[in-house]
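Work through the exercises below with the sequence and the model at hand. Each task is followed by a solution in steps.

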Amino acid sequence: MPRVRPLREVLAEVPDPRNRGGKRHEFEAVLLLICTAMLCGCKNPNQIATWGTGQNREYLKLLGFKRGSSIRKSALYDVLGRIDADDLEERLMMWVEEVLAEMKAADIATASVSG
């Protein structure tokens, strides 16, 4: 049975554009925070940063923030300015297509079993 890769795996493949030094947070955790915050209605970096700082330590650790603290607003702006948006969008679109295909296959399987 096909399986959709977790979003975490997709985001882990996105190249980290930051310099080697001074990385306080894992890039994958920052991307997960951005995606999660946007799914919760955040529309800009200020809202994303505020949303992130409002989360509890355990949740942030689940996202991959090893220290249990979110990214600072200034660092978030820096990361967002460096991301290859076209590459990220392409990866996310492919993942969404996988999710939709899996959902459609599940619906077809359910319909054939119940029909």
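## Salt bridges

The count of salt bridges comes to nine, where a salt bridge is a side-chain nitrogen of Lys or Arg within 4 Å of a carboxyl oxygen of Asp or Glu. This is a predicted model, in which local features need pLDDT of at least 70 and side-chain atom pairs count only at pLDDT 80 or more, while totals for chains, interfaces and linings use all residues. Residues are numbered from 1 along each chain as its sequence is written, and side-chain values use heavy atoms, with hydrogens and water left out.

**Exercise 1.** Find which residues are linked with Arg91 in a network of salt bridges, and describe two of the pairs.

Step 1. The network links Arg5, Glu13, Asp87 and Arg91.

Step 2. Take Asp87 and Arg91: their side chains form a salt bridge with an N to O distance of 2.9 Å. Both residues belong to helix α6 and sit four residues apart, about one turn of the helix. Helices are DSSP runs (H or I, at least four residues), as strands are (E, at least two), and they are numbered from the N terminus.

Step 3. Take Glu13 and Arg91: here the salt bridge has an N to O distance of 3.9 Å. This pair links distant parts of the chain, with Glu13 in the loop between α1 and α2 and Arg91 in helix α6, 78 residues apart.

Step 4. Check the accessibility of this pair. Buried means under 20% relative accessible area, exposed means over 50%, and partly exposed lies in between (1.4 Å probe, protein chains only). Glu13 is partly exposed because its relative accessible area is 43%. Arg91, at 22%, also counts as partly exposed.

**Exercise 2.** What is the N to O distance in the salt bridge between Lys23 and Asp16, and are the two residues buried or exposed, or in between?

Step 1. The side chains of Lys23 and Asp16 meet at 3.4 Å, N to O.

Step 2. Lys23 has 37% relative accessibility, so it counts as partly exposed. Asp16 has 28%, so it is partly exposed too.

## The fold and its core

**Exercise 3.** How many helices and strands does the chain have, and what does the C-alpha trace span along its principal axes?

Step 1. There are six helices and zero strands. Read from the N terminus, the order of elements is α-α-α-α-α-α.

Step 2. The C-alpha trace spans about 55 × 30 × 25 Å along its principal axes.

Step 3. Of the 115 residues in the chain, 29% are buried.

**Exercise 4.** Which residues of the largest nonpolar core touch the most other members, and which helix gives the most to this core?

Step 1. A nonpolar core is a set of buried Ala, Val, Leu, Ile, Met, Phe, Trp, Tyr and Cys residues joined through side-chain atoms within 4.5 Å.

Step 2. The largest such core holds 25 residues, and Leu33 and Phe65 touch the most other members. At least two residues each come from α1 (7–12), α2 (27–39), α3 (45–53), α4 (57–63) and α5 (73–82). The most come from α2, with nine residues.

Step 3. In soluble globular proteins, nonpolar side chains tend to be buried together.

**Exercise 5.** Compare Val79 and Asp78: which is buried, and which is partly exposed?

Step 1. Val79 is in helix α5, and so is Asp78.

Step 2. Val79 has a relative accessible area of 2% and is therefore buried. Asp78, at 36%, counts as partly exposed.

Step 3. Val79 and Val30 are 49 residues apart in sequence, and their C-alpha atoms are 8.5 Å apart. For Asp78 and Ile34, 44 residues apart along the chain, the C-alpha separation is 13 Å.

## Surface patches

**Exercise 6.** Which residues form the negative surface patch, and which form the nonpolar patch?

Step 1. Patches are made of residues with over 30% relative accessible area and no salt bridge; like charges are joined within 9 Å, and nonpolar side chains (Val, Leu, Ile, Met, Phe, Trp, Tyr) within 5 Å. Lys and Arg count as positive and Asp and Glu as negative, with His and the chain ends not counted. A charge is placed at NZ of Lys, CZ of Arg, CG of Asp or CD of Glu.

Step 2. The negative patch consists of Asp84, Asp86, Glu89, Glu90, Glu97 and Glu98. Glu98 lies in helix α6 (residues 85–114) and, at 33% relative accessibility, counts as partly exposed.

Step 3. The nonpolar patch consists of Val96, Leu100 and Met103, which together have about 280 Å² of accessible area, computed by the Shrake-Rupley method with a 1.4 Å probe, where for residues only the protein chains shown count as cover. Val96 lies in helix α6 and is partly exposed at 37%.
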